[in-house]
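Thank you for asking for comments on this entry. My remarks are set out as numbered points, to be read beside the sequence and the structure.

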Amino acid sequence: MCGIVGFTGRQQAAPILLDGLEKLEYRGYDSAGIAVAQAGGAEPSIEIVKAKGRLKVLREMTDDGRSVSGTCGIGHTRWATHGEPSVVNSHPHYAKNKRVAVVHNGIIENYQEIREKLTKEGFSFVSATDTETVAHLLDKYYTGNPIEAISKVMFRVRGSYALGILFADRPGEIYAVRKDSPLIVGRSEQGNFIASDVPAILKYTRDVCFIPNLEIVKLTAVEIHFYNVDQEEVEETFSEINWDTEAAEKGGFAHFMLKEIYEQPKAVRDTISPRISDGHVDLEELGMSREELAKVSRLQMVACGSAYHVCMTARYMVEQTARVPVDVDLASEFRYRNPVMEKDTLVIVVSQSGETADSLAALREAKKLGYRVLGIVNVVGSSIAREADSVFYTWAGPEISVATTKAYSTQLAAVYLLAIGLGKAKGVIGEAQETQMVEELLRLPEKIERILEEKERIQWFANKFSHSKDIFFIGRGLDYASSLEGSLKLKEISYIHSEAYAAGELKHGTISLIEDGILVVGVATQKGLFEKLISNMVEVKSRGAYVLGVTSYGNYSMEDVANYTIYVPKTMECFAASLVVVPLQLLAYYVALGKGLDVDKPRNLAKSVTVE
Ligand code: M6R
């Protein structure tokens, strides 16, 4: 989604803004711009420079920012929602007379109505965006007090927003406000910052505050003040971000995605180890006693995209391990379906960013209905982390590539820990089984490392299929959940049409799509379902499919059917998803690479989907 960065301090702002925007490129964008306050002339003014396409165009236009003077400014990368990607629609937007400049993430839902009214009042619009209405509204309400004008705008607009604002007559000051769209402030010796995401300012400071919802912030080079919507000053606390800058750099890898695939052993280890004490799973951080856990009668899991696939895995895994029924919903569906849930249901929202609009809305819906919500979240201090009753952090570190890999793997690890804790609290699993499961959990990172050592085999195979038109993934049970993830990974970065099916469903329609040479990936790690899956692979092969088998070492009969087989180390069946996903990620990566695509920034996609 769009990215925001702002700086006010003692150094030239434009190079810092461009640098920050570059760190947000991974979020996805189609145009970019900066606005810098000019205090020097006869009258203070705001200079805006914008460009369609990649940031390098903006860099060229401004000599890497050097040609834009001024020490206070805001910048934006836009991912088009209202109006096509173009210079005129890109941010920042001026208000009439260039008195105000605004950058915006989110969507103003009632912008049409406001636009019509303002037009009748004599305001003229140059862009097709919802954001320009905010610029004009600010101009309309501004009579010398920015906080008052912003608060009036907050009462007038509906929707979600994170706004960075400059007033021409207040050079050196940045104003920011947010509702349901993330925005942080950071402070440092050189000056103060706003940003939509931590990596944008990590190079300059780790001392940040996640702006609470519906709060306004005023920043100067040396001060930061927070206000509520009633314009009263409020105190906020800052916290230290412990991600280091290197974690957000490629570190010698060709792409963030490959780097993050390689970071999985560490990420999984970092997520599991702190929750194991004396060989037992310790879920103290949930703030739920063993009795409270034992009382949980049902899990309602909600998420989007890959995080939803984690929930699908959890359905199989938790039901087997803890004998607790698990319902799984896409957050975009859950939030509107007025769900019927039994009293002791624990709602679990899974999200890497902690800012996904639908997941956040689902969380709020569940809380409104009176349910306890647990967030499985990667970004510390994000909206879902703050609004959930308890948080279980996945310690994946910053994930930059749009296609999630290490965050997915840590979400799986989190689910395993919860399943064991729940099973234990309910008396479904005993000490011996817990010990066995914990020991195996701790071995997963090393097993992932072993798969990575064989990446060339997958690369070789991927190159053969990088020009496919369609690729299918099939599996049963847990392997069906892994197939869903393998298919999503492939399609999102390679643009090859792909579907995943529960293998038993093939005969109910999909098999008619199978034709000569089509690649079908069969995932088979579950002993009781292995033969069934093999039969399904035979069915597609006999209709011309080229079959890739993904299974565990030992299941060598796979080679009787598959044209090519990839083996992963043996593990307990309930943890197999953590291993089979690695070759599926590598397959997607190398297919996309073979097609020469921008692996880390696939078209039309954004890392964090903060609008509905
Ligand atoms: O930040 P979240 O985990 O809430 O994001 C959910 C999805 O948008 C995300 O998993 C998406 O599907 C990934 N791009 C998949 O690789």
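The points below take up the ligand site, followed by two details of the backbone.

1. The model is a predicted one, and the remarks that follow should be read as comments on computed coordinates.

2. The ligand sits in the largest pocket. Two elements, helix 9 (305–322) and helix 16 (478–494), each give two or more residues to the shell around the ligand. Domain 2 (255–451) and domain 3 (454–599) each supply at least three residues of that shell.

3. Around the ligand there are 14 residues, of which Ser351, Gln352, Ser353, Thr356 and Glu492 come nearest. By character, the shell comprises five nonpolar, seven polar and two charged residues.

4. Which residues place N or O atoms opposite oxygen atoms of the ligand? Glutamine 352 does so through a backbone N or O atom, at 2.6 Å from a ligand oxygen. Serine 353 does so through an N or O atom of its side chain, at 2.7 Å from a ligand oxygen. A nitrogen atom of the ligand, in turn, lies 3.0 Å from a backbone N or O atom of valine 402. On its own the ligand has 410 Å² of accessible area, and the protein covers 90% of that area.

5. Two backbone details deserve a look. The peptide bond between histidine 91 and proline 92 is cis, with omega at about -5°; proline 92 belongs to the loop between strand 4 (72–78) and strand 5 (93–94). Aspartate 64, in the loop between helix 2 (55–61) and strand 4, has a positive phi, near 55°, and is not a glycine.

6. As context for the preceding point, most residues other than glycine have a negative phi, and most peptide bonds are trans.

Conventions
Residues are numbered from 1 along each chain as its sequence is written. This is a predicted model: local features need pLDDT of at least 70, side-chain atom pairs count only at pLDDT 80 or more; totals for chains, interfaces and linings use all residues. Side-chain values use heavy atoms; hydrogens and water are left out. A residue is near a molecule or strand if one of its heavy atoms lies within 4 Å of it. A polar contact is a pair of N or O atoms within 3.5 Å; within protein, one must be able to donate a hydrogen and the other to accept it, and residues adjacent in sequence count only if both atoms are side-chain atoms. Accessible areas come from the Shrake-Rupley method with a 1.4 Å probe; for residues, only the protein chains shown count as cover. On a 1 Å grid over the protein atoms alone, a cavity is a set of points where a 1.4 Å probe fits but cannot get out, and a pocket is an open set with protein on both sides within 12 Å along at least five of seven lines; lining residues have an atom within 4 Å of a point. A molecule sits in a cavity or pocket if more than half of its atoms lie within 2 Å of its grid points. Helices (H or I, at least four residues) and strands (E, at least two) are DSSP runs, numbered from the N terminus. Ala, Val, Leu, Ile, Met, Phe, Trp, Tyr, Cys and Pro count as nonpolar, Asp, Glu, Lys and Arg as charged, and the others, Gly among them, as polar. Domain bounds come from an automatic or database domain assignment.
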